[in-house]
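Dear colleague,

I am passing on the structure we spoke about, placed just below, and after it you will find my notes on what turned up. Please read them with the coordinates open beside you.

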Amino acid sequence: MRALGLTLLLFFSASGFADETDAIEAHTVVSIQSYDSHLRVFKVAIKHEATGPNYTTLKFLQEAIESLREEKRLKQKPTLIIGNEYALDHELKLLDQMKIDSKYKGKP
Amino acid sequence: MLAVLLFSAIAVAGDCGAPPSQDAVAAYDKCKDQVMGAGGDGKTFLVDADSQVAWLVDRDGTTEDAECISPVFIAKKSQGDPATFGNQEGYTPFGLMMTYNHHSKRKRIGSNCLGLAGYSTANDRSDDSDRGVLIHESAGPTEGCLGVPKGTMKPLKEKLGVNSPVFVYGKNMDPSAACDNKGRTKRNSTPSVPRSSQ
């Protein structure tokens, strides 16, 4: 039984989170919490939901929030939108949480 | 069937160490009278945040047939032995909560989760803003939710059900705030009916 359990765990680990894409549903209200200039990723919070951390890119944000597409200064100054809240026009694609977290672990 | 088998396998995989600590059970015992008449399937999800292990115990606190899940992730800022609790963003709250149906805006989670309604000073913010703390599958530390390993949420949801108690214990918690019911009083709800499902 124990061996079977471990086999099953290995199976699920191998087919696990890393290969799945994740996203936040359209029409959800999100707030932009922070930006990491080294990794070039934003941390986004879902309003009234403590799930996360949710990491995404400027490209994905602009795909999901139409009003950000015209904001030319964002590439030079991504921190302009920190603290802002937006209702998503389209789903917001997310980066793999584990990959980002592992990069954070490597930082001093 | 496979999911149930996997849950059982995790429960006997040997990663949980000892059964729930006497301190964790004793802390729950002080609160259990308030939830003995609650709905659900007669189980309580007892989480030891210090060791990041959780047990599905009988509602009355009996641990003889307890099944465990390990690891149970908590907020990154809360991790440690002892865990650091909080009800602000980025921390996991402690004490007595009740499960309710929830649909997450995160597509990977969807309905494969349980909402946690805070009932005490330690975990209720229904007066101004609802944090939306959930139990959901996670591969690492959370922002405040309880994260269970992949493949365990569905069987846990089936075995625990909605309107069931979840008790988050840690050595650092304030026992007087764990089940003072300040949140429930504000919602003007009865013990068996937590906040309406979302």
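**Strand pairing and packing, mainly in chain B**

In chain B, strands E4(B) and E5(B) run antiparallel and are joined by four bridges, and within this pairing Met98(B) has Ala117(B) of E5(B) as its bridge partner. Please keep in mind throughout that this is a predicted model.

E4(B), which spans residues 95-100, is mostly covered, since five of its six residues are buried. Strand E8(B), residues 165-169, also pairs with E4(B), again in the antiparallel sense and over four bridges. There, Met98(B) stands opposite Pro165(B), while Leu96(B) faces Phe167(B).

Following the sheet onwards from E5(B), residues 113-118, one comes to E6(B), with which E5(B) pairs in the antiparallel sense over three bridges; Cys113(B) has His136(B) as its bridge partner in this pairing. E6(B) and strand E7(B), residues 146-148, are likewise joined by three bridges, but these two strands run parallel, and here His136(B) stands opposite Gly147(B). As for the side chains of E6(B), residues 134-137, Leu134(B) and His136(B) point one way and Ile135(B) and Glu137(B) the other, and all of these residues are buried.

Taken as a whole, these strands belong to an open sheet of eight strands in chain B, with the order E3-E2-E1-E8-E4-E5-E6-E7 and mixed pairing. Strand E3 (67-69) and E7 of chain B stand at the edges, and because each has a single partner strand, one side of each is left without a neighbour in the sheet. From one strand to the next, the twist in this sheet averages 30°.

Two helices of chain B lie across the sheet. H2(B), residues 22-32, lies across strand E1 (43-48), E4 and E8 of chain B, and runs at about 135° to E8(B). H3(B) lies across E1, strand E2 (53-58), E3, E4, E5, E6 and E7 of chain B, and runs at about 130° to E1(B). The buried residues of H3(B), which spans residues 153-160, are Met153(B), Pro155(B), Leu156(B), Lys157(B) and Leu160(B). After H3(B) comes Gly161(B), which has a positive phi, near 75°.

For the wider setting, chain B has four helices and eight strands in total, and along the sequence they follow the pattern α-α-β-β-β-β-β-β-β-α-β-α. Of the 198 residues in chain B, 52% are buried. When contacts in chain B between residues at least 6 apart in sequence are considered, 68% of them join residues at least 24 apart.

Chain A also deserves a look. It contains an open sheet of four strands, in the order E4-E3-E2-E5, with antiparallel pairing. Strand E4 (49-56) and strand E5 (85-87) of chain A stand at the edges, each with a single partner strand, so that one side of each lacks a neighbour in the sheet. In this sheet the twist averages 30° from one strand to the next. Strand E2(A), residues 29-36, pairs with E5(A) in the antiparallel sense over three bridges, and Ser31(A) stands opposite Glu85(A) of E5(A).

With best regards

Definitions and conventions
Residues numbered from 1 in each chain as written. Chains lettered and ligands numbered in written order. Predicted model: local features only at pLDDT ≥ 70, side-chain atom pairs only at ≥ 80, totals over all residues. Buried ≥ 20, exposed ≤ 12 C-beta atoms within 10 Å, placed from the backbone. Contact = placed C-beta atoms within 7 Å. Pairing = 2+ DSSP bridges. Axes fitted to C-alpha atoms, helices over the stretch in contact; angles between N-to-C directions.
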